[in-house]
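Colleague: I'd like to learn how to read helices and their packing. Could you walk me through a case?

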Amino acid sequence: MATIGYEEKLWQAADKLRGSMDAAEYKSVVLGLIFLKYVSDSFEEKYEELQEDEYADPEDKDEYMAENIFWVPKEARWSYINSNSKKPEIGQIIDKAMIAIEKENESLKGVLPKDFARPALDKDKLGGIIDLFTFKVGDAESRKQDVLGRVYEYFISKFASAEGKNAGEFYTPSSVVKLLVEMIEPYKGRIYDPCCGSGGMFVQSERFIEEHQGRLDDVAIYGQEYNLTTWKLAKMNLAIRGIDNDLGESHADTFHNDQHKGLKADYILANPPFNASDWGQERLLDDYRWQFGIPPKGNANYAWIQHIVSKLAPSGTAGFVLANGSMSTSSTAELEIRKNLIEEDLVECIVTLPGQLFYSTQIPVCLWFLTKNKEKNGKNERKNEILFIDARDIGHMVSRTLKEFSDEEINKVSNVFHAWRGTSDDKYEDLSGFCKVATIDEVRSHEYILTPGRYVGLADVEEDSEPFEQKMERITGELGEQFAKSKELEDKIRKSLEELGYGI
(Lines give C-alpha, C1' and ligand atoms only; values in the text may rest on other atoms or scores of the structure.)
Protein backbone atom coordinates (compact mmCIF):
# COMPACT_ATOMS: atom_id res chain seq x y z
CA MET A 1 0.00 0.00 0.00
CA ALA A 2 1.43 3.35 -0.98
CA THR A 3 1.86 5.73 1.91
CA ILE A 4 3.08 9.28 2.19
CA GLY A 5 4.14 9.05 5.79
CA TYR A 6 1.36 10.58 7.80
CA GLU A 7 -1.66 8.58 6.68
CA GLU A 8 -1.12 6.03 9.43
CA LYS A 9 -0.66 8.72 12.08
CA LEU A 10 -3.74 10.49 10.82
CA TRP A 11 -5.70 7.27 10.83
CA GLN A 12 -4.62 6.41 14.37
CA ALA A 13 -5.62 9.87 15.56
CA ALA A 14 -8.97 9.69 13.77
CA ASP A 15 -9.60 6.16 14.98
CA LYS A 16 -9.06 7.20 18.60
CA LEU A 17 -12.05 9.44 18.26
CA ARG A 18 -14.20 6.58 17.05
CA GLY A 19 -14.79 5.16 20.53
CA SER A 20 -17.62 2.65 20.49
CA MET A 21 -18.96 3.78 17.11
CA ASP A 22 -19.33 1.05 14.51
CA ALA A 23 -16.68 1.23 11.75
CA ALA A 24 -19.31 1.33 8.99
CA GLU A 25 -21.04 4.27 10.65
CA TYR A 26 -17.78 6.06 11.41
CA LYS A 27 -16.68 5.62 7.81
CA SER A 28 -19.48 7.87 6.61
CA VAL A 29 -18.59 10.56 9.17
CA VAL A 30 -14.85 10.66 8.47
CA LEU A 31 -14.92 10.29 4.69
CA GLY A 32 -17.71 12.89 4.48
CA LEU A 33 -15.61 15.37 6.42
CA ILE A 34 -12.51 14.71 4.31
CA PHE A 35 -14.60 15.39 1.22
CA LEU A 36 -15.90 18.65 2.70
CA LYS A 37 -12.34 19.68 3.53
CA TYR A 38 -11.24 18.94 -0.01
CA VAL A 39 -13.89 20.97 -1.82
CA SER A 40 -13.36 23.83 0.61
CA ASP A 41 -9.56 23.87 0.19
CA SER A 42 -9.89 23.83 -3.55
CA PHE A 43 -12.50 26.59 -3.47
CA GLU A 44 -10.60 28.82 -1.04
CA GLU A 45 -7.44 28.66 -3.09
CA LYS A 46 -9.33 29.93 -6.12
CA TYR A 47 -11.11 32.47 -3.94
CA GLU A 48 -7.80 33.98 -2.81
CA GLU A 49 -6.57 34.10 -6.40
CA LEU A 50 -9.70 35.99 -7.50
CA GLN A 51 -9.35 38.42 -4.63
CA GLU A 52 -6.01 39.48 -6.08
CA ASP A 53 -7.63 40.22 -9.43
CA GLU A 54 -9.31 43.64 -9.44
CA TYR A 55 -11.55 42.64 -12.35
CA ALA A 56 -12.80 39.42 -10.82
CA ASP A 57 -15.50 38.71 -8.28
CA PRO A 58 -14.53 35.96 -5.82
CA GLU A 59 -18.22 35.35 -5.09
CA ASP A 60 -19.04 34.71 -8.75
CA LYS A 61 -19.97 31.04 -9.07
CA ASP A 62 -19.14 30.92 -12.77
CA GLU A 63 -15.47 31.66 -12.09
CA TYR A 64 -15.27 28.32 -10.26
CA MET A 65 -17.48 26.24 -12.50
CA ALA A 66 -15.36 27.27 -15.51
CA GLU A 67 -12.37 25.53 -13.95
CA ASN A 68 -14.27 22.49 -12.69
CA ILE A 69 -13.98 23.64 -9.07
CA PHE A 70 -16.97 22.97 -6.82
CA TRP A 71 -18.75 26.13 -5.74
CA VAL A 72 -18.86 26.21 -1.93
CA PRO A 73 -21.43 28.52 -0.26
CA LYS A 74 -20.28 30.56 2.75
CA GLU A 75 -21.94 28.30 5.32
CA ALA A 76 -20.08 25.27 3.93
CA ARG A 77 -16.55 26.65 3.86
CA TRP A 78 -14.11 24.88 6.13
CA SER A 79 -13.02 28.07 7.91
CA TYR A 80 -16.61 28.56 9.04
CA ILE A 81 -17.05 24.94 10.07
CA ASN A 82 -13.75 24.83 11.93
CA SER A 83 -14.61 28.00 13.85
CA ASN A 84 -17.81 26.30 15.04
CA SER A 85 -16.32 22.88 15.80
CA LYS A 86 -16.76 23.23 19.57
CA LYS A 87 -20.41 24.23 19.45
CA PRO A 88 -23.07 21.66 20.42
CA GLU A 89 -24.91 22.35 17.15
CA ILE A 90 -21.88 21.45 14.99
CA GLY A 91 -23.84 18.45 13.63
CA GLN A 92 -26.57 20.69 12.22
CA ILE A 93 -23.94 23.07 10.82
CA ILE A 94 -22.28 20.26 8.86
CA ASP A 95 -25.58 18.86 7.63
CA LYS A 96 -26.53 22.31 6.33
CA ALA A 97 -23.12 22.61 4.68
CA MET A 98 -23.61 19.33 2.87
CA ILE A 99 -27.10 20.32 1.74
CA ALA A 100 -25.80 23.69 0.51
CA ILE A 101 -23.01 22.08 -1.53
CA GLU A 102 -25.38 19.57 -3.10
CA LYS A 103 -27.83 22.34 -3.96
CA GLU A 104 -25.15 24.28 -5.81
CA ASN A 105 -23.50 21.32 -7.55
CA GLU A 106 -25.79 19.09 -9.57
CA SER A 107 -23.30 16.21 -9.89
CA LEU A 108 -23.27 15.76 -6.10
CA LYS A 109 -27.05 15.71 -5.67
CA GLY A 110 -28.07 13.02 -3.17
CA VAL A 111 -24.47 11.90 -2.67
CA LEU A 112 -23.11 13.62 0.44
CA PRO A 113 -23.79 12.29 3.98
CA LYS A 114 -26.25 14.46 5.91
CA ASP A 115 -26.76 12.77 9.26
CA PHE A 116 -24.17 14.52 11.42
CA ALA A 117 -26.87 15.99 13.68
CA ARG A 118 -28.17 12.64 14.88
CA PRO A 119 -28.19 12.38 18.70
CA ALA A 120 -26.09 9.19 18.71
CA LEU A 121 -23.11 11.02 17.19
CA ASP A 122 -20.92 12.43 19.96
CA LYS A 123 -20.46 16.12 19.12
CA ASP A 124 -17.23 16.45 21.11
CA LYS A 125 -15.72 13.66 19.01
CA LEU A 126 -17.07 15.23 15.86
CA GLY A 127 -15.39 18.52 16.78
CA GLY A 128 -12.17 16.61 17.50
CA ILE A 129 -12.16 15.07 14.03
CA ILE A 130 -12.72 18.49 12.43
CA ASP A 131 -9.75 19.89 14.38
CA LEU A 132 -7.67 16.94 13.19
CA PHE A 133 -8.09 17.78 9.51
CA THR A 134 -5.97 20.89 9.52
CA PHE A 135 -3.69 19.87 6.65
CA LYS A 136 -4.24 21.15 3.14
CA VAL A 137 -5.80 18.57 0.85
CA GLY A 138 -7.46 20.46 -1.97
CA ASP A 139 -5.02 23.22 -2.96
CA ALA A 140 -2.90 22.96 -6.11
CA GLU A 141 0.21 21.58 -4.42
CA SER A 142 -1.75 18.94 -2.50
CA ARG A 143 -3.65 17.98 -5.63
CA LYS A 144 -0.39 17.60 -7.49
CA GLN A 145 0.81 15.17 -4.82
CA ASP A 146 -2.61 13.55 -4.70
CA VAL A 147 -2.62 14.04 -0.92
CA LEU A 148 -6.33 13.67 -0.52
CA GLY A 149 -6.65 10.77 -2.91
CA ARG A 150 -4.02 8.83 -1.02
CA VAL A 151 -5.42 9.70 2.39
CA TYR A 152 -8.89 8.77 1.14
CA GLU A 153 -7.66 5.48 -0.31
CA TYR A 154 -5.76 4.70 2.88
CA PHE A 155 -8.78 5.40 5.03
CA ILE A 156 -11.04 3.31 2.80
CA SER A 157 -8.64 0.37 3.08
CA LYS A 158 -8.44 0.80 6.87
CA PHE A 159 -12.21 0.88 7.11
CA ALA A 160 -12.32 -2.26 5.01
CA SER A 161 -9.97 -3.88 7.51
CA ALA A 162 -12.03 -2.62 10.45
CA GLU A 163 -15.29 -3.81 8.93
CA GLY A 164 -13.88 -7.23 8.10
CA LYS A 165 -16.30 -9.53 6.35
CA ASN A 166 -18.70 -6.73 5.49
CA ALA A 167 -16.04 -4.77 3.63
CA GLY A 168 -15.95 -6.82 0.44
CA GLU A 169 -18.70 -4.88 -1.20
CA PHE A 170 -16.87 -1.58 -1.25
CA TYR A 171 -13.19 -2.38 -1.41
CA THR A 172 -10.91 -4.50 -3.55
CA PRO A 173 -7.33 -4.52 -2.24
CA SER A 174 -5.25 -2.08 -4.25
CA SER A 175 -2.56 -4.58 -5.30
CA VAL A 176 -5.22 -6.87 -6.83
CA VAL A 177 -6.75 -3.91 -8.69
CA LYS A 178 -3.33 -2.83 -9.88
CA LEU A 179 -2.61 -6.31 -11.23
CA LEU A 180 -5.88 -6.29 -13.18
CA VAL A 181 -5.23 -2.82 -14.57
CA GLU A 182 -1.63 -3.60 -15.55
CA MET A 183 -2.86 -6.65 -17.44
CA ILE A 184 -5.68 -5.08 -19.44
CA GLU A 185 -4.05 -1.63 -19.87
CA PRO A 186 -7.08 0.67 -20.18
CA TYR A 187 -5.53 3.48 -22.25
CA LYS A 188 -8.38 4.70 -24.36
CA GLY A 189 -12.11 4.01 -24.67
CA ARG A 190 -14.98 3.05 -22.40
CA ILE A 191 -14.18 1.53 -18.99
CA TYR A 192 -16.99 -0.26 -17.18
CA ASP A 193 -17.36 -1.85 -13.76
CA PRO A 194 -20.77 -3.45 -13.16
CA CYS A 195 -20.26 -3.66 -9.37
CA CYS A 196 -17.93 -0.75 -8.80
CA GLY A 197 -17.81 -0.54 -5.00
CA SER A 198 -15.99 2.63 -3.98
CA GLY A 199 -14.60 3.09 -7.51
CA GLY A 200 -11.12 1.66 -6.94
CA MET A 201 -10.91 0.16 -10.45
CA PHE A 202 -11.48 3.60 -12.00
CA VAL A 203 -9.00 5.33 -9.71
CA GLN A 204 -6.31 2.79 -10.55
CA SER A 205 -7.12 3.08 -14.27
CA GLU A 206 -6.67 6.84 -14.05
CA ARG A 207 -3.34 6.32 -12.30
CA PHE A 208 -2.25 3.89 -15.00
CA ILE A 209 -3.10 6.39 -17.74
CA GLU A 210 -1.17 9.17 -16.00
CA GLU A 211 1.87 6.96 -15.39
CA HIS A 212 1.94 6.10 -19.09
CA GLN A 213 1.53 9.70 -20.26
CA GLY A 214 -1.96 9.05 -21.57
CA ARG A 215 -4.87 11.48 -21.62
CA LEU A 216 -7.64 11.21 -19.04
CA ASP A 217 -10.19 12.58 -21.48
CA ASP A 218 -9.51 9.61 -23.75
CA VAL A 219 -11.48 7.35 -21.41
CA ALA A 220 -15.13 7.36 -20.37
CA ILE A 221 -16.10 5.82 -17.04
CA TYR A 222 -19.27 3.76 -16.57
CA GLY A 223 -20.19 1.97 -13.38
CA GLN A 224 -23.00 0.63 -11.27
CA GLU A 225 -23.31 -0.23 -7.60
CA TYR A 226 -26.14 -1.87 -5.67
CA ASN A 227 -25.38 -0.56 -2.17
CA LEU A 228 -26.48 3.07 -1.69
CA THR A 229 -23.80 3.98 0.86
CA THR A 230 -21.10 2.47 -1.33
CA TRP A 231 -22.48 4.20 -4.43
CA LYS A 232 -22.19 7.54 -2.64
CA LEU A 233 -18.67 6.64 -1.55
CA ALA A 234 -17.74 5.97 -5.18
CA LYS A 235 -19.23 9.27 -6.32
CA MET A 236 -17.22 11.16 -3.69
CA ASN A 237 -14.07 9.16 -4.43
CA LEU A 238 -14.27 10.05 -8.14
CA ALA A 239 -15.30 13.67 -7.50
CA ILE A 240 -12.23 14.17 -5.33
CA ARG A 241 -10.03 13.07 -8.20
CA GLY A 242 -11.94 15.03 -10.80
CA ILE A 243 -12.87 11.87 -12.71
CA ASP A 244 -15.99 12.36 -14.83
CA ASN A 245 -18.24 9.35 -14.54
CA ASP A 246 -21.58 7.82 -15.23
CA LEU A 247 -22.51 5.61 -12.29
CA GLY A 248 -26.19 5.67 -13.16
CA GLU A 249 -28.81 7.91 -11.60
CA SER A 250 -28.57 6.14 -8.26
CA HIS A 251 -27.65 2.82 -6.74
CA ALA A 252 -29.22 -0.14 -8.53
CA ASP A 253 -29.07 -3.91 -8.91
CA THR A 254 -27.02 -4.70 -12.02
CA PHE A 255 -28.99 -7.85 -12.83
CA HIS A 256 -32.47 -6.39 -12.35
CA ASN A 257 -31.98 -2.73 -13.21
CA ASP A 258 -29.12 -2.40 -15.65
CA GLN A 259 -28.31 1.31 -15.81
CA HIS A 260 -26.15 1.02 -18.91
CA LYS A 261 -28.32 -0.78 -21.41
CA GLY A 262 -26.68 -0.88 -24.81
CA LEU A 263 -23.21 -0.08 -23.50
CA LYS A 264 -20.31 -1.86 -25.20
CA ALA A 265 -17.16 -1.34 -23.17
CA ASP A 266 -13.58 -1.55 -24.34
CA TYR A 267 -12.38 -2.49 -20.87
CA ILE A 268 -14.34 -4.17 -18.11
CA LEU A 269 -12.88 -4.48 -14.64
CA ALA A 270 -14.85 -6.03 -11.80
CA ASN A 271 -14.76 -7.76 -8.46
CA PRO A 272 -18.29 -9.17 -8.10
CA PRO A 273 -19.46 -10.39 -4.67
CA PHE A 274 -18.06 -13.88 -4.10
CA ASN A 275 -20.46 -16.76 -4.72
CA ALA A 276 -23.55 -14.57 -4.20
CA SER A 277 -26.70 -16.64 -3.69
CA ASP A 278 -30.31 -15.56 -3.85
CA TRP A 279 -29.69 -13.06 -6.64
CA GLY A 280 -33.16 -13.30 -8.14
CA GLN A 281 -32.50 -15.77 -10.95
CA GLU A 282 -36.17 -16.82 -11.04
CA ARG A 283 -37.18 -13.33 -12.25
CA LEU A 284 -34.68 -13.36 -15.11
CA LEU A 285 -35.12 -16.75 -16.72
CA ASP A 286 -35.65 -15.25 -20.18
CA ASP A 287 -32.92 -12.62 -19.93
CA TYR A 288 -31.05 -11.79 -23.15
CA ARG A 289 -27.72 -12.03 -21.33
CA TRP A 290 -27.90 -15.79 -20.75
CA GLN A 291 -26.78 -16.70 -24.27
CA PHE A 292 -24.52 -19.49 -22.95
CA GLY A 293 -27.02 -20.99 -20.50
CA ILE A 294 -29.18 -19.98 -17.53
CA PRO A 295 -26.97 -19.39 -14.44
CA PRO A 296 -27.94 -21.42 -11.35
CA LYS A 297 -30.20 -19.93 -8.71
CA GLY A 298 -27.77 -20.47 -5.84
CA ASN A 299 -24.64 -18.83 -7.25
CA ALA A 300 -24.32 -15.64 -9.30
CA ASN A 301 -20.77 -16.21 -10.59
CA TYR A 302 -21.84 -17.30 -14.07
CA ALA A 303 -24.49 -14.60 -14.17
CA TRP A 304 -21.75 -12.02 -13.63
CA ILE A 305 -19.61 -13.63 -16.32
CA GLN A 306 -22.41 -13.52 -18.86
CA HIS A 307 -23.41 -9.98 -17.92
CA ILE A 308 -19.80 -8.96 -18.55
CA VAL A 309 -19.71 -10.76 -21.91
CA SER A 310 -22.91 -8.95 -22.91
CA LYS A 311 -21.20 -5.59 -22.29
CA LEU A 312 -17.95 -6.36 -24.07
CA ALA A 313 -17.09 -4.44 -27.27
CA PRO A 314 -15.99 -6.56 -30.27
CA SER A 315 -12.28 -6.01 -29.48
CA GLY A 316 -12.70 -5.32 -25.79
CA THR A 317 -11.07 -7.08 -22.86
CA ALA A 318 -12.55 -7.95 -19.49
CA GLY A 319 -10.58 -8.82 -16.37
CA PHE A 320 -12.39 -9.73 -13.16
CA VAL A 321 -12.04 -11.51 -9.84
CA LEU A 322 -14.00 -14.64 -8.94
CA ALA A 323 -13.80 -17.31 -6.28
CA ASN A 324 -11.66 -20.30 -7.29
CA GLY A 325 -14.68 -22.58 -7.53
CA SER A 326 -15.68 -20.81 -10.74
CA MET A 327 -12.83 -22.51 -12.61
CA SER A 328 -13.91 -26.06 -11.91
CA THR A 329 -17.47 -26.20 -10.63
CA SER A 330 -19.21 -29.22 -12.10
CA SER A 331 -22.85 -28.31 -11.50
CA THR A 332 -24.71 -29.02 -14.72
CA ALA A 333 -25.63 -25.40 -15.48
CA GLU A 334 -22.22 -23.93 -14.68
CA LEU A 335 -20.26 -26.61 -16.53
CA GLU A 336 -22.45 -26.09 -19.57
CA ILE A 337 -21.91 -22.31 -19.54
CA ARG A 338 -18.16 -22.69 -19.02
CA LYS A 339 -17.97 -25.20 -21.85
CA ASN A 340 -19.83 -22.81 -24.16
CA LEU A 341 -17.61 -19.87 -23.23
CA ILE A 342 -14.50 -21.95 -23.97
CA GLU A 343 -15.86 -23.37 -27.23
CA GLU A 344 -16.70 -19.82 -28.35
CA ASP A 345 -13.02 -18.97 -27.68
CA LEU A 346 -13.91 -16.17 -25.27
CA VAL A 347 -11.62 -17.19 -22.40
CA GLU A 348 -8.26 -15.50 -22.82
CA CYS A 349 -6.39 -16.10 -19.59
CA ILE A 350 -6.88 -17.53 -16.10
CA VAL A 351 -4.67 -16.59 -13.16
CA THR A 352 -4.87 -18.27 -9.77
CA LEU A 353 -3.90 -16.07 -6.85
CA PRO A 354 -2.85 -16.94 -3.31
CA GLY A 355 -5.26 -16.82 -0.37
CA GLN A 356 -5.42 -14.06 2.26
CA LEU A 357 -5.61 -11.21 -0.23
CA PHE A 358 -8.98 -9.91 0.94
CA TYR A 359 -10.18 -8.39 4.17
CA SER A 360 -13.57 -9.94 3.68
CA THR A 361 -12.58 -13.56 3.12
CA GLN A 362 -9.65 -15.92 3.41
CA ILE A 363 -10.65 -17.94 0.37
CA PRO A 364 -8.28 -18.00 -2.59
CA VAL A 365 -9.47 -16.28 -5.74
CA CYS A 366 -8.65 -16.23 -9.41
CA LEU A 367 -8.69 -13.73 -12.24
CA TRP A 368 -10.61 -14.34 -15.45
CA PHE A 369 -9.78 -12.52 -18.67
CA LEU A 370 -12.21 -12.62 -21.58
CA THR A 371 -12.10 -11.22 -25.08
CA LYS A 372 -14.19 -11.63 -28.19
CA ASN A 373 -11.24 -11.23 -30.49
CA LYS A 374 -7.93 -13.03 -30.08
CA GLU A 375 -6.67 -11.83 -33.45
CA LYS A 376 -6.45 -8.08 -33.13
CA ASN A 377 -5.51 -7.38 -29.54
CA GLY A 378 -1.79 -7.67 -30.15
CA LYS A 379 0.87 -8.87 -32.55
CA ASN A 380 0.25 -12.53 -31.78
CA GLU A 381 -2.75 -14.47 -32.92
CA ARG A 382 -4.01 -16.62 -30.09
CA LYS A 383 -7.06 -18.28 -31.51
CA ASN A 384 -8.13 -21.45 -29.73
CA GLU A 385 -5.53 -20.88 -27.01
CA ILE A 386 -5.84 -20.03 -23.33
CA LEU A 387 -3.01 -18.74 -21.16
CA PHE A 388 -2.84 -20.25 -17.68
CA ILE A 389 -0.81 -18.61 -14.92
CA ASP A 390 -0.38 -20.16 -11.49
CA ALA A 391 0.49 -17.22 -9.22
CA ARG A 392 -0.32 -18.90 -5.93
CA ASP A 393 3.25 -18.54 -4.70
CA ILE A 394 3.55 -14.80 -5.13
CA GLY A 395 2.67 -12.14 -2.55
CA HIS A 396 3.99 -11.31 0.89
CA MET A 397 2.30 -10.94 4.26
CA VAL A 398 1.76 -7.30 5.33
CA SER A 399 -0.07 -8.24 8.51
CA ARG A 400 -0.88 -11.44 10.36
CA THR A 401 -3.81 -12.16 8.06
CA LEU A 402 -3.32 -10.13 4.91
CA LYS A 403 -1.16 -10.61 1.84
CA GLU A 404 -0.19 -8.09 -0.88
CA PHE A 405 1.69 -8.11 -4.18
CA SER A 406 4.83 -6.08 -4.75
CA ASP A 407 5.25 -4.11 -7.98
CA GLU A 408 7.82 -6.69 -9.12
CA GLU A 409 5.32 -9.50 -8.62
CA ILE A 410 2.63 -7.58 -10.49
CA ASN A 411 5.07 -7.05 -13.35
CA LYS A 412 6.06 -10.71 -13.35
CA VAL A 413 2.47 -11.79 -13.99
CA SER A 414 1.46 -8.97 -16.34
CA ASN A 415 4.66 -9.33 -18.41
CA VAL A 416 3.82 -12.96 -19.16
CA PHE A 417 0.35 -11.92 -20.29
CA HIS A 418 1.67 -9.16 -22.58
CA ALA A 419 4.41 -11.35 -24.03
CA TRP A 420 1.81 -13.94 -24.98
CA ARG A 421 -0.60 -11.34 -26.37
CA GLY A 422 2.15 -9.69 -28.35
CA THR A 423 1.52 -6.33 -26.68
CA SER A 424 5.15 -6.13 -25.54
CA ASP A 425 8.49 -6.91 -27.17
CA ASP A 426 9.14 -9.85 -24.84
CA LYS A 427 9.03 -13.35 -26.25
CA TYR A 428 6.57 -15.67 -24.55
CA GLU A 429 7.73 -19.05 -23.22
CA ASP A 430 5.95 -21.63 -21.07
CA LEU A 431 7.49 -21.87 -17.62
CA SER A 432 6.90 -25.09 -15.69
CA GLY A 433 4.97 -24.47 -12.50
CA PHE A 434 4.07 -20.90 -13.50
CA CYS A 435 2.60 -20.40 -16.96
CA LYS A 436 1.44 -22.47 -19.90
CA VAL A 437 -0.47 -21.87 -23.11
CA ALA A 438 -3.00 -24.65 -23.64
CA THR A 439 -5.11 -25.31 -26.70
CA ILE A 440 -8.84 -25.66 -26.42
CA ASP A 441 -8.33 -29.33 -27.31
CA GLU A 442 -6.27 -29.75 -24.14
CA VAL A 443 -8.88 -27.94 -22.06
CA ARG A 444 -11.54 -30.14 -23.64
CA SER A 445 -9.57 -33.21 -22.58
CA HIS A 446 -9.63 -31.87 -19.01
CA GLU A 447 -13.42 -31.65 -19.18
CA TYR A 448 -13.33 -27.85 -19.39
CA ILE A 449 -11.75 -27.40 -16.00
CA LEU A 450 -9.75 -24.17 -16.01
CA THR A 451 -7.59 -24.57 -12.92
CA PRO A 452 -4.07 -23.46 -13.99
CA GLY A 453 -2.41 -26.09 -11.76
CA ARG A 454 -3.66 -28.75 -14.19
CA TYR A 455 -1.82 -27.21 -17.10
CA VAL A 456 1.34 -25.52 -15.84
CA GLY A 457 2.65 -28.64 -14.06
CA LEU A 458 5.26 -28.61 -11.32
CA ALA A 459 8.12 -26.16 -11.17
CA ASP A 460 11.42 -27.52 -12.46
CA VAL A 461 13.75 -28.58 -9.68
CA GLU A 462 17.25 -27.31 -10.23
CA GLU A 463 19.30 -30.15 -11.58
CA ASP A 464 21.91 -31.54 -9.23
CA SER A 465 25.09 -32.24 -11.22
CA GLU A 466 27.03 -33.91 -8.39
CA PRO A 467 27.27 -37.70 -8.86
CA PHE A 468 25.54 -39.71 -6.12
CA GLU A 469 28.69 -41.62 -4.97
CA GLN A 470 30.71 -38.45 -4.78
CA LYS A 471 27.96 -36.66 -2.91
CA MET A 472 27.63 -39.45 -0.29
CA GLU A 473 31.38 -39.46 0.19
CA ARG A 474 31.39 -35.72 0.76
CA ILE A 475 28.40 -35.75 3.12
CA THR A 476 29.69 -38.67 5.25
CA GLY A 477 33.11 -37.02 5.41
CA GLU A 478 31.55 -33.77 6.68
CA LEU A 479 29.41 -35.69 9.14
CA GLY A 480 32.47 -37.56 10.46
CA GLU A 481 34.20 -34.26 11.13
CA GLN A 482 31.17 -32.98 13.00
CA PHE A 483 30.99 -36.17 15.11
CA ALA A 484 34.70 -35.84 15.98
CA LYS A 485 34.24 -32.23 17.07
CA SER A 486 31.19 -33.21 19.07
CA LYS A 487 33.14 -35.97 20.86
CA GLU A 488 35.97 -33.59 21.61
CA LEU A 489 33.56 -31.07 23.10
CA GLU A 490 31.80 -33.75 25.13
CA ASP A 491 35.12 -34.94 26.61
CA LYS A 492 36.02 -31.41 27.62
CA ILE A 493 32.70 -30.92 29.39
CA ARG A 494 33.03 -34.28 31.22
CA LYS A 495 36.53 -33.39 32.34
CA SER A 496 35.42 -29.97 33.61
CA LEU A 497 32.54 -31.50 35.57
CA GLU A 498 34.88 -34.13 37.09
CA GLU A 499 37.18 -31.38 38.29
CA LEU A 500 34.22 -29.77 40.01
CA GLY A 501 33.28 -33.09 41.67
CA TYR A 502 30.28 -33.77 39.47
CA GLY A 503 31.63 -36.46 37.17
CA ILE A 504 29.18 -38.26 34.95
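Colleague: Happy to start with a single helix. Which residues of H13 are buried?

Modeller: Keep in mind that this is a predicted model. The buried residues of H13 are Glu334, Ile337, Arg338, Leu341 and Ile342.

Colleague: Why do these buried residues line one face of the helix?

Modeller: The general idea first: an α-helix has 3.6 residues a turn, so residues three or four places apart point the same way. Now the case here: looking down the axis of H13, the buried residues fall within an arc of 135°, so they line one face of the helix.

Colleague: And what covers the buried residues of H13?

Modeller: The cover includes two helices, H12 (301-311) and H15 (440-445), along with strands E5 (347-352), E6 (365-371) and E7 (385-390).

Colleague: How does the span of H13 relate to the expected one?

Modeller: H13 covers residues 332-343, which is 12 residues, and from first C-alpha to last it reaches 16 Å, close to the 16 Å expected at 1.5 Å a residue. Just after H13, aspartate 345 has a positive phi of about 60°.

Colleague: Let's go on to pairs. At what angle do H12 and H13 pack?

Modeller: To read a pair, take the angle between the axes, then the separation, then the contact residues. H12 and H13 pack at about 30°, and their axes are 11 Å apart. Angles under 35 degrees count as roughly parallel, so H12 is roughly parallel to H13. The crossing of H12 past H13 is left-handed. On the H12 side the contact is made by Tyr302, Ile305, Gln306 and Val309, and on the H13 side by Glu334, Ile337, Arg338 and Leu341. Glu334, Ile337, Arg338 and Leu341 also appear among the buried residues of H13.

Colleague: Now another pair: how are H2 and H5 oriented to each other?

Modeller: Helix H2 (residues 23-51) and helix H5 (residues 90-104) pack at an angle of about 55°, with axes 12 Å apart. They are therefore oblique to each other. H2 passes H5 in a left-handed crossing. H2 contributes Gly32, Leu33, Leu36 and Val39 to the contact, while H5 contributes Ile94, Ala97, Met98 and Ile101.

Colleague: What about loops? Is phenylalanine 135 buried or exposed?

Modeller: For a loop residue, look at the relative accessible area; buried means under 20%. Phenylalanine 135 sits in the loop between helix H6 (123-132) and helix H7 (140-144). Its relative accessible area is 17%, so phenylalanine 135 is buried.

Colleague: How far is the C-alpha of phenylalanine 135 from that of glutamate 499?

Modeller: Those C-alpha atoms are separated by 73 Å, and the two residues are 364 residues apart along the chain.

Note on methods:
Residues are numbered from 1 along each chain as its sequence is written. This is a predicted model: local features need pLDDT of at least 70, side-chain atom pairs count only at pLDDT 80 or more; totals for chains, interfaces and linings use all residues. Side-chain values use heavy atoms; hydrogens and water are left out. Helices (H or I, at least four residues) and strands (E, at least two) are DSSP runs, numbered from the N terminus. The expected span of a helix is 1.5 Å times one less than its number of residues. Buried means under 20% relative accessible area, exposed over 50%, partly exposed in between (1.4 Å probe, protein chains only). The arc is that of the directions from the helix axis to the C-beta atoms. Contact means heavy atoms within 4.5 Å. Axes are lines fitted to C-alpha atoms, for helices over the stretch in contact, and angles run from 0 to 180 degrees between N-to-C directions. Angles under 35 degrees count as roughly parallel, over 145 as roughly antiparallel, 65 to 115 as roughly perpendicular and the rest as oblique. A crossing is left-handed if the near helix is turned anticlockwise from the far one by less than a right angle, and right-handed if clockwise.
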